[in-house]
Amino acid sequence: MRTILLWMARNPSLQRRIPRLAFVRRATRRFMPGEDVAAALVAADALVARGQGVLLTRLGENLTSLAEADAVAAHYHAVLDACRTRPRPIEPSVKPTQLGLDLDAEATFAHCDSLARHAADVGSWLWLDMESSPYVEPTLVLYERLRALHPNVGICLQAYLRRTPADVRRLLPIGPGIRLVKGAYDEPAAIAYRTRAEVSAAYQTLAVWLAEAARDGGVRVGLGTHDVDLVRRIAMFADAAGVPRAKLEVHMLYGIRAAELRRLQADGFPACTLVAYGVSWYPWYMRRLAERPANVLFALRQILP
Ligand SMILES: Cc1cc2nc3c(=O)[nH]c(=O)nc-3n(C[C@H](O)[C@H](O)[C@H](O)COP(=O)(O)OP(=O)(O)OC[C@H]3O[C@@H](n4cnc5c(N)ncnc54)[C@H](O)[C@@H]3O)c2cc1C
């Protein structure tokens, strides 16, 4: 089921057709407050009022012209401007291909550089999402260039990739912000762990390592997972290693396990919710379905009156 859904996420013909189906649009509401930024900001304000941080992502990836990347960057600058009147700055989380990484790495760097500077002006951060495996090395290179200029930039690393321990070793000396996730794409066994047990074990080892680095200073860590048992296990090791809970942020996606996130927040973990919005939600939404096939039943139930 996961493989089929991830294939559907990449299929261009389905990408054109499925978003037109009204019941699918209704089902996306579970994971997205709406398609426009106004709806995302209303959701963000409610989360901030509950003491949570908010990451904001406008959905879209793999652009075909640099003009589209310019428009995406302008959109995120407007979001950062909107932070000026808010009690807690929102942190944009961007896909490098949405800023043109496929087309012109220099233009992508220039956009990220200017967004990171703007984020610093309003007390915010800029996060780089991690896409499928061909983009990992270019995204790391982009991140290293940005981190050399800005302390307020973070990157997502995927625990399912066999290379990730080496990437953590590579980034730790530059004082990174790292959001650790399991990984959402269909990667071959030669480069990625494929079973749930292997991915969770890799995640736990990396997370404990990052927690210890956060304790020693200069590293910001976000556990980007809804796997609450795994977070609790990591917290046990972190407690034993003297890592203050305030150093272990937990990041979850809007609409998934919100009550559990609030419980972790009450237990002293800083909580952040990533709010996604936008009209280009199809591949992102299919990846959410692939993470939990029970979501397909939820989507199908939307057909019923
Ligand atoms: C803040 C954040 C940012 C992310 N950024 C990236 C990124 O940049 N690149 C990338 O490759 N991946 C990203 N991901 C996705 C990530 O890689 C996983 O695919 C996703 O989080 C599912 O794995 P899990 O850790 O939640 O654990 P799982 O073991 O998949 O899930 C644990 C439990 O959480 C619940 N759950 C998980 N997913 C869903 C869902 N879709 N619907 C309903 N319930 C669910 C279920 O109850 C499940 O049993 C991000 C995830 C988060 C939370």
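## Surroundings of M130

With a relative accessible area of 6%, M130 is buried, because this value falls under the 20% cut-off for that class. The model in which this residue is described is a predicted one. M130 is placed in the loop between β3 (126-128) and α7, and helix α7 itself covers residues 136-147.

Apart from neighbours within four places in sequence, the contacts of M130 are Y135, V136, T139, I155, C156, L157, Q158 and Y185. A distance can also be given for M130 and L140, which are 10 residues apart along the chain: their C-alpha atoms are separated by 9.1 Å.

## T164 and the packing of α8 on α9

T164 belongs to helix α8, which is formed by residues 164-171. The relative accessibility of T164 is 2%, and the residue therefore counts as buried. Once neighbours within four places in sequence are set aside, T164 is in contact with L157, Q158 and L206. L157 and Q158 also appear among the contacts of M130. T164 and L206 are 42 residues apart along the chain, and 8.4 Å separates their C-alpha atoms.

The contact between T164 and L206 belongs to a helix pair. Helices α8 and α9 pack with their axes 11 Å apart, at an angle of about 10°. The two helices are therefore roughly parallel to each other, since angles under 35 degrees are assigned to that class. On the α8 side the residues that meet the partner helix are T164, P165, V168 and R169, and on the α9 side they are L206, W209 and L210. Sorted by class, this contact comprises 5 nonpolar, 1 polar and 1 charged residues.

## S200 and the crossing of α9 with α10

S200 is located in helix α9, which spans residues 196-216. Its relative accessible area is 11%, so S200 is buried. Leaving out neighbours within four places in sequence, S200 has contacts with K182, D227 and L230.

L230 is also one of the α10 residues that meet α9. Helix α10 consists of residues 228-240; the axes of α9 and α10 come within 10 Å and cross at roughly 40°. The pair is therefore classed as oblique, and α9 passes α10 in a right-handed crossing. From α9, the residues in this contact are S200, Y203, Q204, A207, V208 and A211; from α10, they are L230, R233, I234, F237 and A238. By class, the contact has 8 nonpolar, 2 polar and 1 charged residues.

## R220 and its two salt bridges

Which residue pairs with R220 at an N to O distance of 3.3 Å? The partner is E91, whose side chain meets that of R220 in a salt bridge. R220 lies in strand β6 (residues 220-224) and E91 in strand β2 (residues 91-94), so the bridge ties together parts that are 129 residues apart in sequence. R220 and E91 are buried.

R220 also forms a salt bridge with E249, with 2.7 Å between the closest N and O atoms. This second pair links R220 in strand β6 to E249 in strand β7 (residues 248-253), and the two residues are 29 apart along the chain. Like R220, E249 is buried.

## Other salt bridges

Across the whole structure, a search finds 19 salt bridges. One of them joins E106 and R145, for which the closest N and O atoms are 2.9 Å apart. Since E106 is in helix α6 (residues 105-121) and R145 in helix α7 (residues 136-147), this bridge ties together parts that are 39 residues apart in sequence.

How accessible are the two members of this pair, E106 and R145? E106 is partly exposed at 48% relative accessibility, and R145 is likewise partly exposed, with a relative accessible area of 34%. The bridge of R220 with E249, by contrast, is formed by residues that are both buried. In addition, salt bridges that share partners join E137, E144, R163, D167 and R170 into one network.

Methods:
Residues numbered from 1 in each chain as written. Predicted model: local features only at pLDDT ≥ 70, side-chain atom pairs only at ≥ 80, totals over all residues. Heavy atoms only, no water. Helix = DSSP H or I, 4+ residues; strand = E, 2+ residues; numbered from the N terminus. Buried < 20%, exposed > 50% of the residue type's maximum accessible area, 1.4 Å probe, protein only. Contact = heavy atoms within 4.5 Å. Salt bridge = Lys/Arg side-chain N within 4 Å of Asp/Glu carboxyl O. Axes fitted to C-alpha atoms, helices over the stretch in contact; angles between N-to-C directions. Parallel < 35°, antiparallel > 145°, perpendicular 65-115°, else oblique. Left-handed = near helix turned anticlockwise from the far one by under 90°. Nonpolar A, V, L, I, M, F, W, Y, C, P; charged D, E, K, R; others polar.
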